[in-house]
Amino acid sequence: MVVIVQLLSAFLQISVNSALQEEHCDVNTCLEDDGGWFTDPSTLISQAGPCNIDRIEGPLSKAEFLNRYAYQMPVVLSGISNNEEFRRMSRKDQLLKEFGHKTIRLSSANTYSYKKVDVTLQKYVDDILKPQSLEMLGNETLYWFGDNNYSEWEALFSKYKIPPLKLPNTSPVLSFGLAGAGTGVPFHWHGPGFGEVIYGRKRWFLYPPEKTPAFHPNRTTLQWLVEDYPTLSQEDMPLECTIEPSEIIYFPDHWWHGTLNIDTSVFMSTFLGPS
């Protein structure tokens, strides 16, 4: 009887381990659906950090958004839009099946994004989309974010539901991205907008317009996090939060922000430009 119990226990353990491997995780760190954009945990240098930004679940009224956040401070939102169809179309197998042959434009992952390179999506995924090393500089890292040809990507973009919150006299402009673990864009600023994570996790660091962060435009966010972040005084610490799938961060006009993809990440930004 003891032997039978032991054999049954071993069989169950093998079944559990097999199922977890199919989900790209182990017993202790089983990940949610990654859409096929698997990141080997052993390659991760950065992890999720604290969140000192307001985090709101569920609807946020237009009045509260405009009075409290739109012009004053960032906020993290969830449950304000349903992008499940867009999420399904952004799975690795679906994206490559429908768009793998299309040409995308990569930018260098430094503050000014000087360098541009055109490749097919399939080549980007096969040869370039890799975890960021700590030694590589931002101007040496190629990153797909923006420069999207809307007519070629209409079948995908038309399925995205933009955040329902708006600023007066602005129009939304979509910018789609896919990037490897440890990549990101160093501190920069522009107009207001929203950033939604579809797959993966993205860590955001923000400063108000009047507080310019100390950084080198060709150093990566990963290098800044490892080398500079631990030395910051309390008064120089940024606002920050790690955005999970289906969460959206809003950032006001002219706010400094740097981003860091914890995992291989798929994401969509909605920039609010003058209408």
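**Figure 1. Nine strands line up in one open sheet of this predicted model.** Following the sheet from one side to the other, you meet the strands in the order β1-β2-β10-β7-β12-β6-β5-β3-β4, and their pairing is mixed. The edges are formed by β1 (55-57) and β4 (116-120), each of which pairs on one side only. From one strand to the next, the twist averages 30°. To place this view in the whole chain, keep in mind that the chain has seven helices and 12 strands. Buried residues account for 45% of its 275 residues.

**Figure 2. Strands β5 and β6 meet, with F145 as a guide residue.** Here β5 (residues 142-145) and β6 (residues 170-179) run antiparallel and are joined by two bridges. F145 sits in strand β5, and its bridge partner in β6 is G177. Is F145 buried or exposed? The answer lies in between: its relative accessible area is 24%, so F145 is partly exposed. Leaving aside residues up to four places away in sequence, F145 touches S175, F176, G177, F267, S269 and F271. V266 is also worth finding in this view: F145 and V266 are 121 residues apart in sequence, yet their C-alpha atoms are 9.7 Å apart in space. Across the chain, residues 24 or more positions apart make up 82% of the contacts with a separation of 6 or more.

**Figure 3. The largest nonpolar core holds 30 residues.** Which members touch the most other members? They are L121, Y124, W144, W153, L156, F176 and L178. Strand β6 gives the most to this core, with four residues. W153 makes a good starting point for a tour: not counting residues up to four places away in sequence, W153 touches L95, F99, K102, I104, L121 and W144. A second core of 14 residues is separate from this one and includes F65, V75, L77 and Y250.

**Figure 4. Helices α4 and α5 pack against each other.** Helix α4 (residues 92-99) meets helix α5 (residues 121-128) at an angle of about 135°, and their axes are 9 Å apart. That angle makes α4 oblique to α5. On the α4 side of the contact, look for K92, L95, L96 and F99; on the α5 side, look for L121, Q122 and V125. Sorted by type, the contact residues are five nonpolar, one polar and one charged. Two names here may be familiar from the previous view, since L95 and F99 also touch W153.

**Figure 5. Three strands make an open sheet, with helix α7 lying across two of them.** The strand order is β9-β8-β11, and the pairing is antiparallel. Strands β9 and β11 (256-261) are the edges, each pairing on one side only. Neighbouring strands of this sheet are turned by 15° against each other on average, direction ignored. Strand β8 (residues 202-207) is linked to β9 by five bridges and to β11 by six. L206 is a handy landmark, standing opposite L239 in β9 and opposite H257 in β11. Why is strand β9 (residues 239-243) described as largely enclosed by the rest of the structure? Four of its five residues are buried. Helix α7 (residues 221-228) lies across β8 and β11, running at about 70° to β8.

Notes:
Residues are numbered from 1 along each chain as its sequence is written. This is a predicted model: local features need pLDDT of at least 70, side-chain atom pairs count only at pLDDT 80 or more; totals for chains, interfaces and linings use all residues. Side-chain values use heavy atoms; hydrogens and water are left out. Two strands pair if DSSP finds at least two bridges between them. Axes are lines fitted to C-alpha atoms, for helices over the stretch in contact, and angles run from 0 to 180 degrees between N-to-C directions. A nonpolar core is a set of buried Ala, Val, Leu, Ile, Met, Phe, Trp, Tyr and Cys residues joined through side-chain atoms within 4.5 Å. Buried means under 20% relative accessible area, exposed over 50%, partly exposed in between (1.4 Å probe, protein chains only). Contact means heavy atoms within 4.5 Å. Angles under 35 degrees count as roughly parallel, over 145 as roughly antiparallel, 65 to 115 as roughly perpendicular and the rest as oblique. Ala, Val, Leu, Ile, Met, Phe, Trp, Tyr, Cys and Pro count as nonpolar, Asp, Glu, Lys and Arg as charged, and the others, Gly among them, as polar.
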